[in-house]
Each structure stands twice: as C-alpha cells, then as structure tokens.
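Let's take a friendly walk through this fold together. Please keep the sequence and the 3D view side by side as you read.

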Amino acid sequence: MPRGPAKKQPEDTSHQSLESKLWAAADKLRGHLDAADYILANPPFNISDWGGDLLRDDKRWQYGIPPTGNANFAWVQHMVHHLAPYGIAGFVLANGSMSSNTV
C-alpha cells in the first residue's frame with residue numbers, strides 16, 4: 001500500500017539562542033505580513049552594543065546609518081520601515097535620546 005509523503009521533521013534548534021530563534025521566526029513571518037497601520041513602541045534606551053557595525057548596509061536605514069554606539073536611531077528607523085504608507089507610530093524614548101552625539 002502506497003504511503004503518503006514523509007512528514008517533514010522539525011529542525012533541531014536546540015543549539016540556537018532564544019534571540020536567534022525569535023529572529024528566525026520573525027524572518028519567516030515577515031514575508032506574510034503587510035506593513036503596520038499603527039506602531040506604539042517603548043524600545044530599550046541607549047543600547048551601545050547592538051551590533052550596528054554588522055548592519056551598515058541594512059535597507060531599513062533610509063534616513064541615514066545609525067551610530068554603532070547607540071541603537072535609539074536604529075529602533076526608530078526599524079519601526080518606520082515597517083509602517084504602511086499612511087501608518088502612524090508613537091515612540092517612548094529617553095529625554096535627549098535623538099539629540100545625543102554618540103558615535
């Protein structure tokens with residue numbers, strides 16, 4: 001008796017960190033989601049070690065490359081990138097976070 005196609009076994013992700021698993025899941029979803037009509041965000045403030053040196057050519061940086069020493073501008077551009085053309089976003093950021101001279 002013929003059997004149906006073999007069931008695909010789930011990928012072994014036990015060696016991956018939680019963060020890398022979340023990024024992988026987000027990448028899978030990204031192709032299925034439309035842009036956001038509304039974004040309300042409270043990103044972590046003033047992260048200095050965010051890996052910005054690895055993302056210099058990222059397509060999200062349409063308003064300039066964020067400084068590698070502070071992720072505030074990167075968070076804002078990340079969320080703006082995911083907005084629909086007439087979407088609305090609200091951000092909670094630390095006082096002076098967008099006017100700092102961090103490199």
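Which residues of H2 are buried? They are Asn72, Ala74, Val76, Gln77, His78 and Met79. Bear in mind throughout that this is a predicted model. As for what lies against them, the buried residues of H2 pack against S1 and S2.

With that helix in view, let's step back to the overall layout. The protein chain holds two helices and two strands, and following the sequence you meet them in the pattern α-β-α-β. Strand S1 covers residues 36–41 and helix H2 covers 72–81, while strand S2 spans residues 83–91. The two strands run parallel and are joined by five bridges. If you would like one place to look, find Ala41, whose bridge partner in S2 is Phe91. To get from S1 to S2 the chain passes through H2, and this β-α-β crossover is right-handed.

Next, turn to the loop that connects S1 with H2. Searching the whole structure turns up one aromatic pair. Its members are Trp50 and Trp61, with ring centres 6.2 Å apart and planes at 80°; planes over 60 degrees apart count as edge-to-face, so that is the label for this pair. Both Trp50 and Trp61 lie in the loop between S1 and H2, so the pair ties together parts that are eleven residues apart in sequence. Are these two side by side with solvent, or buried? Trp50 has 18% relative accessibility and counts as buried, because the cut-off is under 20%. Trp61 is buried too, with a relative accessible area of 10%.Trp61 also leads us back to the helix, by way of Gln77. Gln77 sits in helix H2 and is buried, with a relative accessible area of 2%. Leaving aside residues up to four places away in sequence, Gln77 touches Arg60, Trp61, Gln62, Tyr63, Gly64 and Pro66. One of the residues that Gln77 touches, then, is Trp61, a member of the aromatic pair.

Finally, a few totals for the protein chain. Buried residues make up 19% of its 103 residues. Among contacts between residues at least 6 apart in sequence, 54% join residues at least 24 apart. The chain exposes about 8,300 Å², and carbon and sulfur atoms supply 57% of that area.

How values were computed: Residues numbered from 1 in each chain as written. Predicted model: local features only at pLDDT ≥ 70, side-chain atom pairs only at ≥ 80, totals over all residues. Heavy atoms only, no water. Phe/Tyr/Trp six-rings, centres within 6.5 Å; stacked < 30°, edge-to-face > 60°. Helix = DSSP H or I, 4+ residues; strand = E, 2+ residues; numbered from the N terminus. Buried < 20%, exposed > 50% of the residue type's maximum accessible area, 1.4 Å probe, protein only. Pairing = 2+ DSSP bridges. Right-handed = clockwise from strand over helix to strand, strands pointing away. Contact = heavy atoms within 4.5 Å. Areas by Shrake-Rupley, 256 points an atom, 1.4 Å probe, with all protein chains shown as cover.
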